[in-house]
Amino acid sequence: MSKHNEVLYGLYNDEEILLDAIRHANEKGLDISEVYTPFPVHGLDDCLGLSESRLHIAGFVYGILGTMTAFGVMTWVFTREWPIIFGGKPYFSAPAFIPITFELTVLFACVGMVITFYTICGMGPGITNPVLDDRITDDKFCIAFNVDGASSDTVNGLKSFFKESGAEEINSKTI
Amino acid sequence: MSAVISPIREPLVNGHKTYHQITEDICSPTEKAPGKSWIVAFILAVSCLGFGVACILWTIWQGIGTWDLNRTIGWGWDITNFVWWVGIGHAGTLISAILLLFRQKWRTGVNRAAEAMTIFAVICAALFPGIHMGRIWLAFFVFPYPNTRGPLWVNFNSPLLWDVFAISTYFTVSLLFWYTGLVPDFATVRDRARGFRKKFYNFLSFGWTGKAKHWQRWEALSLVLAGLATPLVLSVHTIVSFDFATSIIPGWHTTIFPPYFVAGAIFSGFAMVLTLMLITRKVLKLEDYITLAHIESMNKVILLTGTIVGVAYLTELFIAWYSGFVYEQFAFYNRATGIYWWSYFGMMSCNVLAPQFFWFKKLRRSIVFTFFMSIFINIGMWFERFVIIATTLARDYLPSAWSYYIPTWVEIGIFVGTLGIFFTFFLLFTRIAPVVAIAEVKSILKTAGDQYTGPEVYEAEKRKKQNEHAQ
């Protein structure tokens, strides 16, 4: 990473306190840059105003691609490329193509979605992303603010927000 | 926020756990040196694996003449084992996918290990068709690719080819699903580790940090993968059953096969999950996460699927008689009273009678009883496949071709070898990965942990409300 960011973050002990803190921050009009949790917290998306993931749309497209690939290739092979009669059935025996078409639909959708997921999340084998605190994957819930070039007034305002909203620890880190 | 407490639902996490305690309990087996029992089990598993590999190499060197298959009985232990292992794999996907769609919280305690089991079982299964081909170095011929033999394509109308696609898709999807679930937990282990282990888990965790948006996508991905894996798992054993049902052998050529195979697969899979989990929870001290409630739930699934299998057996017998088709009638008469009567007897007693004991709640919640029952079912389901395959082939249309078949030491060795592969992988898995899904257990703690839920908490809440009311 070439660009370094100064991050001020607070750690909370419980997801309920975290959700209240985020609502509090929203009321104050604070610009939360990131929230980290050890497990998926329900209601967090609404609180943060995150729009619904469009991953399933990508999955649908990959699936259709798989359907067309499988059905298309089988049809082409058995009607154009090398037609063979199996058991007196027509060359284009669509019902027999269904199982493989289904399997490839599922395969394309799954593999495509997983690759898309890791790509858009900036994750993958060998990739290291900066970790604010080791306990975030254990039992701490974290709200982070980007304070790059912020005035000391702003920083103090954020610190008092953390104290008001019940943060256990307030730290800053350059990532 | 107080969750709605049910008087019926048992807590799924015991011991008044905190989030940190959950991390400690589940991560610690990966951080300590292995115990004596693990080392003994590992040596045993690796020896079996080694023997299996030797037998496989012998088979490849000499050809499958080292197996006592003959012109009549072309499928013996190999395909029996293949179907048995594929079936075992089904429980993992059922727990992780179908129970996710049904929002069953008890899946969180067992899904990780069950999915791992699926992957290892499918590896064992895929081995058999591979070596059964005889010339394993030409195994890539089963995939359709442009080649210089014409190009000559594979037969897309053949159930055996559908099987190639079904098994490889199943393996890939299960692996992706399992690994994506593991990534956040690997990050948890990474953040506790130091030195080389930190680097190792850093690699495995793909750079997971736990951002809100990433969790949202992760959940969306899990849900869609579950939605895709659900019809997939049903299709896989359906297609395996087509290998038999589309042939013209009496006893195989039946429309009941797909649902009957799927039910049997889930039945045997849950038995194997129980065999593994009862030992794992004891050795790794995970009794608070894999509770009696989990075991009872699984036993209920076994009871249901076992009964479906039983009904299928009886339906087959009835239809054979009712069809008035003499070959079909003979096939079933032969299964029950013919040369392989003992395997039919084993199948019926282990699969149909044994699970009926689970109607009793006491037995469903008995760990010792459940363990023995799970072994019985594993054996019974192996017999089922043997009955369907070898018994049926041994007495086909032509009496002059009738024969008998006993496996050679090579075939038995390969089967023992797959048990070795399976347990070696599973034992390594318990050392490297968190055996219970940490993040998922944490996410259900407040709705299913014993300090928040269960009959006692319910009674206490009710008393509190009554007191308030009286005042």
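In this predicted model, chain A and chain B bury about 5500 Å² between them, with carbon and sulfur atoms giving 68% of that area. On the chain A side, a trio stands out: A:Pro40, A:Glu103 and A:Thr137 supply 11% of the area that chain A buries against chain B, more than any other three residues. Counting heads, the contact draws 61 residues from chain A and 58 residues from chain B.

Next come the open spaces. The largest pocket has a volume of about 1300 Å³, and its lining takes in 48 residues. Those nearest the pocket's centre come from both chains: A:Pro40 and A:His42 from one, B:Arg103, B:Glu219 and B:Ser443 from the other. A:Pro40 thus turns up twice, once here and once in the trio at the interface. Several helices join in, each with at least two lining residues: from chain A there is helix H1 (15–28), and from chain B there are H4 (107–132), H5 (159–192), H7 (212–245), H15 (438–448) and H16 (455–470). As for chemistry, the lining of this pocket is a mix of 20 nonpolar, 12 polar and 16 charged residues.

Then there are the closed spaces. The model holds 5 cavities of 30 Å³ or more, and the largest cavity comes to about 80 Å³. Its lining belongs to chain B and includes B:Ile249, B:Pro250, B:Tyr327, B:Phe330 and B:Arg395. Two helices of chain B, H10 (326–337) and H13 (367–394), each bring at least two residues to this lining. H10(B) gives the largest share, with 5 residues. Sorted by class, the residues around the largest cavity are 6 nonpolar, 3 polar and 3 charged.

Finally, helix H9 of chain B deserves a quick look from end to end. The helix runs over residues 292–323, and at 1.5 Å a residue its 32 residues should span 46 Å; the end C-alpha atoms sit 45 Å apart, so the two values agree. At the N-terminal end, B:Thr291 acts as a cap, with a side-chain oxygen 3.2 Å from the backbone nitrogen of B:Ala293. After the other end of H9(B) comes B:Gly324, which has a positive phi, near 70°.

Note on methods
Residues are numbered from 1 along each chain as its sequence is written. Chains are lettered from A and ligands numbered from 1 in the order in which they are written. Side-chain values use heavy atoms; hydrogens and water are left out. Helices (H or I, at least four residues) and strands (E, at least two) are DSSP runs, numbered from the N terminus. The expected span of a helix is 1.5 Å times one less than its number of residues. A polar contact is a pair of N or O atoms within 3.5 Å; within protein, one must be able to donate a hydrogen and the other to accept it, and residues adjacent in sequence count only if both atoms are side-chain atoms. On a 1 Å grid over the protein atoms alone, a cavity is a set of points where a 1.4 Å probe fits but cannot get out, and a pocket is an open set with protein on both sides within 12 Å along at least five of seven lines; lining residues have an atom within 4 Å of a point. Grid points are joined across faces, edges and corners, and a volume is the space filled by probe spheres set on the points. Ala, Val, Leu, Ile, Met, Phe, Trp, Tyr, Cys and Pro count as nonpolar, Asp, Glu, Lys and Arg as charged, and the others, Gly among them, as polar. Contact means heavy atoms within 4.5 Å. Buried area is the accessible area (1.4 Å probe) that two parts lose on being put together, summed over both.
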